[in-house]
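Here is a set of exercises to work through with the model open beside you. Try each task yourself before reading its solution.

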Amino acid sequence: MTVVAIVVVVALVVCWVATVARRVRRCSASLTASRALLETEIDRRHAQTETLVAATRVAGVGSAFTGPLAGARSLAIGVRDQGLTLRERAGAENALSVALHAVTNVAATDPAVKNDWAIQRPILDLATTEQRLAGAARVYNDHAAAMNGLLRGVTRVPARLFGALPATLFEADVTEVAPYADDAVRSSDDHGLGSLVETGRDEGAVR
């Protein structure tokens, strides 16, 4: 009877370990796919922001309209190219979101641009991309949280044995966002540009 009990316990443990292994594999695959989608949406937004800045220049709009936006985009790309952490990148991307919201608010009311389709079209495209990016960030963070959950509690040891690693969430708190927003403002001010970021600092951002 004792032997039977031991066999049952061993079988249950083996099944549990196998379950953890499957969860690690699924979570790793989902994390990789969601990270790729997140990067795609970030790159799309960078490209569309450049299109918007170029359109305003062609239309002869003053640089104060999109100067902080161009500065925030350059900063976000620089943070990415330096290989900084996802939290630091999230701070820079949130600063870009702040600048985008500021430009969108002005574009909706400024008579010089609110009826200019060459400017309104990229703004609409960016609005769609903002939603896609927010969704991609949520999906990635859900999978990152699931992976981190496997590395806590009773599943920690087997999860590590099967290659699970801590995942950094794509999010930044206010103290991380503010320095990047300030850097974007200084970057635009260095070129004699205005500061729309200050008026939009409390707008929504990608989390």
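**Exercise 1.** Are H3 and H4 roughly parallel or roughly antiparallel to each other?

*Solution.*
Before starting, note that this is a predicted model, in which local features need pLDDT of at least 70, side-chain atom pairs count only at pLDDT 80 or more, and totals for chains, interfaces and linings use all residues. Residues are numbered from 1 along each chain as its sequence is written, and side-chain values use heavy atoms, with hydrogens and water left out.

Step 1. Find helix H4 at residues 117-150; helices (H or I, at least four residues) and strands (E, at least two) are DSSP runs, numbered from the N terminus.

Step 2. Take the axes: those of H3 and H4 come within 11 Å and cross at roughly 150 degrees. Axes are lines fitted to C-alpha atoms, for helices over the stretch in contact, and angles run from 0 to 180 degrees between N-to-C directions.

Step 3. Apply the cut-offs: under 35 degrees is roughly parallel, over 145 roughly antiparallel, 65 to 115 roughly perpendicular and the rest oblique. H3 and H4 are therefore roughly antiparallel.

Step 4. Add the hand, which is left-handed for H3 and H4 (the near helix is turned anticlockwise from the far one by less than a right angle; clockwise would be right-handed).

**Exercise 2.** Describe how H2 packs against H3.

*Solution.*
Step 1. Helix H2 covers residues 63-81 and helix H3 residues 86-109; their axes come within 9 Å and cross at roughly 165 degrees. That angle makes H2 roughly antiparallel to H3.

Step 2. The crossing of H2 with H3 is left-handed.

Step 3. List the partners in contact (heavy atoms within 4.5 Å). On the H2 side they include Phe65, Leu69 and Ala72, and on the H3 side they include Ala92, Leu96 and Val103.

Step 4. Sort the contact residues of H2 and H3 by class: 14 are nonpolar, 1 is polar and 5 are charged. Here Ala, Val, Leu, Ile, Met, Phe, Trp, Tyr, Cys and Pro count as nonpolar, Asp, Glu, Lys and Arg as charged, and the others, Gly among them, as polar.

**Exercise 3.** Which side chain does the side chain of serine 97 make a polar contact with?

*Solution.*
Step 1. Locate serine 97 in helix H3.

Step 2. Check its exposure: serine 97 is buried, with a relative accessible area of 0% (buried means under 20%, exposed over 50%, partly exposed in between, with a 1.4 Å probe and protein chains only).

Step 3. The partner is arginine 45, at 2.7 Å from side chain to side chain. A polar contact is a pair of N or O atoms within 3.5 Å; within protein, one must be able to donate a hydrogen and the other to accept it, and residues adjacent in sequence count only if both atoms are side-chain atoms.

Step 4. Place the pair in its setting: Arg45 of H1 and Ser97 of H3 are both among the residues that form the contact of these two helices. The axes of H1 and H3 come within 12 Å and cross at roughly 35 degrees. Ser97 is also one of the H3 residues that meet H4.

**Exercise 4.** Is arginine 25 buried or exposed?

*Solution.*
Step 1. Arginine 25 lies in helix H1, residues 2-58.

Step 2. With a relative accessible area of 52%, arginine 25 is exposed.
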